Every structure is written in structure tokens, then in C-alpha cells.
Amino acid sequence: MESYLIDLLKALDDYAIVFSVILNIMISVLGVVPSFFITAANIKLFGFENGLIISILGEALGAIVSFYLYRKGMKKLLDTPKIKNKYITELTKSKGIKAFFMIIALRIFPFIPSGLVTLAGAISKVGMMNFSAASTIGKIPALVIEAYSIQQVLVWNWKGKVILCLFSILIVWIAFRKNRKK
């Protein structure tokens, strides 16, 4: 997927950055598709710093557009969706400075899906400006870590990539076994 995206971005030439940002927005609206492959393509094509800036811009705009669409859609569809994560549930009840800092914290925390944070923000009482600022602030450290990790994987030789692959399979296998025992 990443190499296809890089080829597409190269073909788009002057419009590559715009397309990358729009793709990030679309992925944010979907809420369940990870965007790390866009970050990887941006870093590979535009360099670490520029690729990171483009990814931050795309993810920030994606969160803002998603927030707006989710807020409009949720009010029409249902009162309150059933969310089981205690932090997300707390965010849905928050407003003001508490909601602002909760959004930052939840964006930094790597195990909570971005779409879930956006959905919780959309059904909370937090305003668009507070959500946008907090979401962007929270995404920056997470994206820096993601971009640095991707950059390191891109420069690894085949042995490092095999070790990473085996480690990832082991983690998934352990998680799968834990869930089966429940």
C-alpha cells in the first residue's frame, strides 16, 4: 500500500501534498483505518521534517472535519452511543478546560483509537475551537513518535525488519490467546 501511495504522490507532482492531506482527512472521517502508511509515504517522499509537518496538517484537519461531521451526524442518529472506555466516557461528560486536557491526553495515549476520541469529543460539550486546538496539540507528540519509528524502520536492513515482523506476530499471538481464554 505504501509503495502504491508513493508512486501516486510522485505522479501527482505539485498536488501531492494536497492529496496526502485530503487522504488523511478521509481516513479520519472513516475513523477505523490507521493512517501510519500515509505518514510513512510522506516521510519517504518529502523527508522527515516536511513529511511530519504534512502528516500533522492532514491529521489535524482530519480530526476537525471528523468532529464536525460526527457532531452533526450523532445528533441526528442517537442520543449517546454506548462507549465502554472509562476515559472516553468521562470525556463525553466533560466540557471546558477539563475536556481540553482530556483530549490532549487521549490523543497522546497510543492505545485509544483516534476515531473514538473524535467521536467522544463530538458527543461531548466541548466546542469546535477547544477540540481543534487540543486535538492538534495531542497529535503532535504521537505523530513525532510514529514518524521517528517509521523512519527507523525504513532505514533498517532486512534482518531488522524480519525481527520486527516476528516480534509483531508474537504480540498478536499473545493478545489472541488472552482473548480466547476469556
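Biologist: Which residue takes a positive phi just after α2?

Modeller: This is a predicted model, where local features need pLDDT of at least 70, side-chain atom pairs count only at pLDDT 80 or more, and totals for chains, interfaces and linings use all residues. Residues are numbered from 1 along each chain as its sequence is written, and side-chain values use heavy atoms, leaving out hydrogens and water. Helices (H or I, at least four residues) and strands (E, at least two) are DSSP runs, numbered from the N terminus. A positive phi of about 80 degrees, just after α2, belongs to G31.

Biologist: What distance does α2 reach from its first C-alpha to its last?

Modeller: Helix α2 covers residues 16–30, which is 15 residues. The expected span is 1.5 Å times one less than the number of residues. For α2 that expectation is 21 Å, and the model comes close to it, at 21 Å.

Biologist: Which residue between α1 and α2 has a positive phi without being glycine?

Modeller: The loop in question follows α1 (2–12) and leads to α2. The residue is exposed (over 50% relative accessible area; buried is under 20%, partly exposed in between; 1.4 Å probe, protein chains only), at 56%. Its phi is near 50 degrees, and its name is D13.

Biologist: Which residue meets K139 in a salt bridge?

Modeller: A salt bridge is a side-chain nitrogen of Lys or Arg within 4 Å of a carboxyl oxygen of Asp or Glu, and the structure holds 1. K139 in helix α8 (residues 128–155) has its partner in helix α4 (residues 48–77), 80 residues apart. K139 is buried at 6% relative accessibility, and the partner is buried at 8%. The N to O distance is 2.9 Å, and the partner is E59.
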